[in-house]
Amino acid sequence: SSSPANYIHMQMKIEENRHSGDHSVHLSVQDSGRGFPQDLQKVCKANSGLAIVKRLIARLHGEINFVSEPSAQISIIVPHIFHSIRHI
């Protein structure tokens, strides 16, 4: 109760591209807190957990997005997931 974030909402879904048959994974995490600091990219050191996650997503040809208002939200999309997993 002392935390400014009182809940965390997580959602994961797999979507199929009907034309290609490829699948992508969409993951989003959002809390009810104050959001990210404005200088988030500066705060992240090269060996921080966030930097490691960004590198792993890049290896999977995915993308990660940050939204800071009204609260912190991270969304990750990994395309061609079944193909990507075989090549990690």
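pLDDT is the predictor's confidence in each residue, on a scale from 0 to 100.

**Figure 1. Overview of the predicted model and its confidence****.** This is a predicted model, with a mean pLDDT of 79 for the protein. A pLDDT of 70 or more is reached by 77% of the residues. Confidence is highest in strand E4 (residues 73–78), at a mean of 91, and lowest in helix H3 (residues 81–86), at 57. Where pLDDT is low, the predicted coordinates should not be read in detail. The protein has 3 helices and 4 strands, and along the sequence they follow the pattern β-β-α-α-β-β-α. Of the 88 residues in the protein, 19% are buried. The exposed surface of the protein is about 6800 Å², and carbon and sulfur atoms supply 55% of that area. Among contacts between residues at least 6 apart in sequence, 50% join residues at least 24 apart.

**Figure 2. The largest nonpolar core****.** Seen here are the 7 residues of this core: Val25, Ile57, Leu60, Ile64, Ile76, Val78 and Ile81. In soluble globular proteins, nonpolar side chains tend to be buried together. Ile76 is in contact with Val25, Ile57 and Ile64, among others, when neighbours within four places in sequence are left aside. By the same count, the contacts of Ile76 also include His26, Leu27 and Glu63.

**Figure 3. Surroundings of His26 in strand E2****.** His26 lies in strand E2, which spans residues 23–31. Ser24 is found in strand E2 as well, and the side chains of His26 and Ser24 are joined by a polar contact of 3.1 Å. Beyond four places in sequence, His26 is in contact with Gln11, Met12, Lys13, Glu15, Ile76 and Ile77.

**Figure 4. Ser24, a buried residue of strand E2****.** Ser24 has a relative accessible area of 14%, under the 20% limit, and therefore counts as buried. With neighbours up to four places away left out, Ser24 is in contact with Lys13, Ile14 and Glu15, and also with Val78, Pro79 and His80.

**Figure 5. The salt bridge between Glu15 and Lys13****.** The structure holds 1 salt bridge. Glu15 and Lys13 form it, and their closest N and O atoms are 3.4 Å apart. Glu15 is partly exposed, with a relative accessible area of 33%. Lys13 is also partly exposed, at 37%. Both residues appear among the contacts of His26 and among those of Ser24.

**Figure 6. Asp22 in the loop between strands E1 and E2****.** Asp22 lies in the loop that follows strand E1 (8–16) and leads to E2. Its relative accessibility is 30%, between the limits of 20% and 50%, so Asp22 counts as partly exposed. Asp22 and Pro79 are 57 residues apart along the chain, and their C-alpha atoms are separated by 7.6 Å. Not counting residues up to four places away in sequence, Asp22 touches Glu15, Glu16, Asn17 and His80.

**Figure 7. The backbone at His61****.** The phi angle of His61 is near 60°, a positive value in a residue other than glycine. His61 is placed in the loop between helix H2 (49–59) and strand E3 (63–67). With a relative accessible area of 65%, over the 50% limit, His61 is therefore classed as exposed.

Terms used:
Residues are numbered from 1 along each chain as its sequence is written. This is a predicted model: local features need pLDDT of at least 70, side-chain atom pairs count only at pLDDT 80 or more; totals for chains, interfaces and linings use all residues. Side-chain values use heavy atoms; hydrogens and water are left out. Helices (H or I, at least four residues) and strands (E, at least two) are DSSP runs, numbered from the N terminus. A polar contact is a pair of N or O atoms within 3.5 Å; within protein, one must be able to donate a hydrogen and the other to accept it, and residues adjacent in sequence count only if both atoms are side-chain atoms. Contact means heavy atoms within 4.5 Å. A nonpolar core is a set of buried Ala, Val, Leu, Ile, Met, Phe, Trp, Tyr and Cys residues joined through side-chain atoms within 4.5 Å. Buried means under 20% relative accessible area, exposed over 50%, partly exposed in between (1.4 Å probe, protein chains only). A salt bridge is a side-chain nitrogen of Lys or Arg within 4 Å of a carboxyl oxygen of Asp or Glu. Accessible areas come from the Shrake-Rupley method with a 1.4 Å probe; for residues, only the protein chains shown count as cover.
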